[in-house]
Amino acid sequence: MPSSLHLVVEIPYTPEPFWLASGQALAGVRCLSGECGDGDVALVMFTLATYNRKSGSPPLSPTELTAAEHLLLPGGVAVKDDVQEIYPSCCSGVECWSEWQYLLEEGRVPWMGHDPTPTAQRINDGSYQVWQDEDLPGSQSLWPG
């Protein structure tokens, strides 16, 4: 399988019971796509509502979510191929997805988080290298440009 990019959301919390159908897997990473089921959509909305609330307050209501100008959502862009999956790290967010266009157009590295610190590099042959941790460039994933 050639390498590909995917938007992913980190689900860091265990939702309150009314958010989900029983028996659903909770914390972890969810890929955002048209194949997401109702349960995954509920998890993403729960994360959006809780991640953007003020400390100690209840999750944002649907009205507050639609009225908000700037929302943050933990996650970002993941790179996957046959060998490995490289996920964004701490302090990365889905809201920064468009920074990947800077890599394609200008060669500027998008913010992919830290601890570990994923990084990317444009190669002269039109492909790109993505490392899980810039301090460990031995583990890399290539994807065509």
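These are my notebook entries on what I looked up in this predicted model.

**Entry 1: the sheet**

I began with the strands and found an open sheet of 4 strands, in the order 2-1-3-4, with antiparallel pairing. Which strands stand at the edges? They are strand 2 and strand 4, and because each has a single partner strand, one side of each is left without a neighbour in the sheet.

I then went through the pairings of strand 1, which covers residues 4-11. With strand 3, residues 75-80, strand 1 pairs in the antiparallel sense over 6 bridges. Within this pairing I noted two positions: Ser 4 has Lys 80 in strand 3 as its bridge partner, and Val 8 stands opposite Gly 76, again in strand 3. With strand 2, the antiparallel pairing of strand 1 runs over 4 bridges, and here I noted that Ile 11 has Gly 28 of strand 2 as its bridge partner.

**Entry 2: helix 1 and a buried leucine**

I next looked at Leu 43, which lies in helix 1. Is Leu 43 buried or exposed? I recorded a relative accessible area of 0%, so Leu 43 is buried. I also looked up its separation from Val 9: the two residues are 34 apart along the chain, and their C-alpha atoms are separated by 9.3 Å.

**Entry 3: salt bridges**

How many salt bridges does a search of the whole structure find? My search of the whole structure gave 2.

One of them is formed by Arg 30 with Asp 40, where the closest N and O atoms are 2.9 Å apart. This pair links distant parts of the chain, since Arg 30 belongs to strand 2 (residues 28-31) and Asp 40 to helix 1 (residues 38-51), with their positions 10 residues apart in the numbering. I checked the accessibility of both partners: Arg 30, at a relative accessible area of 12%, is buried, whereas Asp 40, at 24% relative accessibility, counts as partly exposed.

In the other salt bridge the side chains of Arg 108 and Glu 106 meet, at 3.1 Å from N to O. Here I found Arg 108 partly exposed at 45% relative accessibility, and Glu 106 also partly exposed, with a relative accessible area of 48%.

**Entry 4: backbone geometry**

For the backbone I kept in mind that most residues other than glycine have a negative phi, and that most peptide bonds are trans. Against that background I wrote down the following exceptions.

The peptide bond that joins Asp 115 and Pro 116 is cis, with omega about 0°. I placed Pro 116 in the loop between helix 3 (99-106) and strand 5 (119-122), and Asp 115 lies in the loop between helix 3 and strand 5 as well. Asp 115 also has a positive phi, about 65°, although it is not a glycine. With a relative accessible area of 67%, Asp 115 is exposed.

Where is Cys 91 found? I located Cys 91 in the loop between strand 4 (85-86) and helix 3. Its phi is near 70°, which is a positive value in a residue other than glycine, and at 54% relative accessibility Cys 91 counts as exposed.

**Entry 5: cysteines**

Having noted Cys 91, I searched for disulfides and found that the structure holds 0. For Cys 91 itself, the nearest cysteine sulfur is that of Cys 90, 3.3 Å away, and Cys 91 is in no disulfide. The cut-off for a disulfide is a pair of cysteine sulfur atoms within 2.5 Å, so the 3.3 Å separation of the sulfur atoms of Cys 91 and Cys 90 does not meet it.

**Entry 6: the cavity**

Last, I looked for enclosed space, and found 1 cavity of 30 Å³ or more. The volume of the largest cavity is about 30 Å³. Which residues line the largest cavity? My list reads Gly 76, Val 77, Ser 92, Gly 93, Cys 96, Trp 97, Trp 100, Trp 111 and Met 112. By class, this lining has 6 nonpolar and 3 polar residues, and no charged residues. Gly 76 thus appears twice in my notes, as one of the residues that line the largest cavity and as the residue in strand 3 that stands opposite Val 8.

Notes
Residues numbered from 1 in each chain as written. Predicted model: local features only at pLDDT ≥ 70, side-chain atom pairs only at ≥ 80, totals over all residues. Heavy atoms only, no water. Salt bridge = Lys/Arg side-chain N within 4 Å of Asp/Glu carboxyl O. Buried < 20%, exposed > 50% of the residue type's maximum accessible area, 1.4 Å probe, protein only. 1 Å grid on protein atoms, 1.4 Å probe; cavity = no way out; pocket = protein on both sides within 12 Å on 5 of 7 lines; lining within 4 Å. Points joined across faces, edges and corners; volume = space filled by probe spheres on them. Nonpolar A, V, L, I, M, F, W, Y, C, P; charged D, E, K, R; others polar. Pairing = 2+ DSSP bridges.
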